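Q: Please take a close look at the surface patches of this model. I would also like to see some buried residues for contrast.

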Amino acid sequence: MKEFNSKDIEVLKKIIKNRRDIRGNRFLDKPINKEILEDILDAANSAPSVGFSQPWKFIIIEDEETKNRIYNNFIKENNKAKKIFKDKELYPKLKLEGIKESFINIAVFYEKNHKDILGQTSQKRVGEYSVVCAIQNMWLMARAHNIGLGWVSILKPKKVKKILGIGKDKKLIAYLTLGYVSEFLEEPELLKLNWEKKKELKDIVI
């Protein structure tokens with residue numbers, strides 16, 4: 001197996017540091033070719049998973065009607081969120097999704113297994129965490145291809161599943177928007193807008 005060098009490490013650091021959560025106001029009307037999309041999905045499929053269970057499933061969403069139905073659920077859920085953050089003047093001004101603007105949407109699911117999984121007997125949710133690892137791989141590979149990815153969490157999972165015709169054996173983990181962008185910000189948008197401050201190493205090591 002290949003041993004990596006300092007140059008490889010610096011490239012990986014650069015990709016990690018420059019990963020961004022992309023919103024609709026930055027997506028471009030530019031298609032992603034099949035080979036690049038497969039590269040991003042293959043990165044997901046190379047993620048670590050508990051008991052090598054690989055419990056992820058992906059639905060690629062391109063048609064406008066489905067996007068619009070998902071977007072309508074976002075609007076409904078975001079109106080609820082506006083009430084929760086009513087004391088934050090910034091919240092209504094934030095663009096928090098890119099469902100209709102992105103080239104494709106990808107719904108990511110955890111597929112429940114009907115047999116015992118090595119490593120999952122004590123902590124049942126590690127299967128779901130494995131799917132999150134796959135999403136992170138996608139995010140980094142997309143960034144390496146200069147493609148933006150956004151995670152839309154202001155959605156009702158049951159409603160998304162109903163729209164997509166997904167049964168009870170799968171759990172929605174993420175709804176992603178993917179596409180080329182006008183720019184990648186130098187720093188995370190919510191940091192730039194002072195929504196939250198960045199934690200330092202001294203803040204996270206206890």
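A: What follows goes through the patches one by one and then turns to two buried residues.

Keep in mind that this is a predicted model.

Start with positive charge. Arg69, Lys76, Lys156, Lys158, Lys159, Lys162 and Lys168 form a positive patch on the surface. Two elements each give two or more residues to this patch: α3, which spans 64-84, and α5, which spans 157-164. The biggest share comes from α5, with three residues. Now pick out one member. Arg69 lies in helix α3. Its relative accessible area is 40%, so Arg69 is partly exposed. A residue needs over 30% relative accessible area to be part of a patch, and Arg69 has 40%.

Next comes negative charge. Glu62, Asp63, Glu64 and Glu65 gather in a negative patch on the surface. Glu64 sits in helix α3. With a relative accessible area of 44%, Glu64 is partly exposed. So helix α3 holds Arg69 from the positive patch and Glu64 from the negative patch.

The third patch has no charge to follow. Leu201, Ile204 and Val205 make up a nonpolar patch on the surface. Together they have about 340 Å² of accessible area. Leu201 belongs to helix α7, residues 201-204. Exposed means over 50% relative accessible area. Leu201 has 67%, so it counts as exposed.

Now go inside. Is Arg143 buried or exposed? Arg143 is buried, yet it has no salt bridge. The nearest side chain of opposite charge is Glu186, and it is 7.8 Å away. A salt bridge needs the charged atoms within 4 Å. Arg143 is found in helix α4, residues 126-144. Which residues does Arg143 touch, not counting those up to four places away in sequence? They are Ile15, Asn18, Arg19 and Phe184.

The last stop is Ile117. Ile117 lies in the loop between β2 (104-111) and α4. Buried means under 20% relative accessible area. Ile117 has 10% relative accessibility, so it counts as buried. Leaving aside neighbours within four places in sequence, Ile117 is in contact with Val50, Gly51 and Ser53. One distance can be added here. Ile117 and Gly127 are 10 residues apart in sequence. In space they are 8.8 Å apart, C-alpha to C-alpha.

Definitions and conventions
Residues numbered from 1 in each chain as written. Predicted model: local features only at pLDDT ≥ 70, side-chain atom pairs only at ≥ 80, totals over all residues. Heavy atoms only, no water. Helix = DSSP H or I, 4+ residues; strand = E, 2+ residues; numbered from the N terminus. Buried < 20%, exposed > 50% of the residue type's maximum accessible area, 1.4 Å probe, protein only. Lys, Arg positive; Asp, Glu negative; His and termini not counted. Contact = heavy atoms within 4.5 Å. Patch = residues over 30% accessible without salt bridge, like charges linked within 9 Å, V, L, I, M, F, W, Y side chains within 5 Å. Areas by Shrake-Rupley, 256 points an atom, 1.4 Å probe, with all protein chains shown as cover. Charge placed at Lys NZ, Arg CZ, Asp CG, Glu CD.
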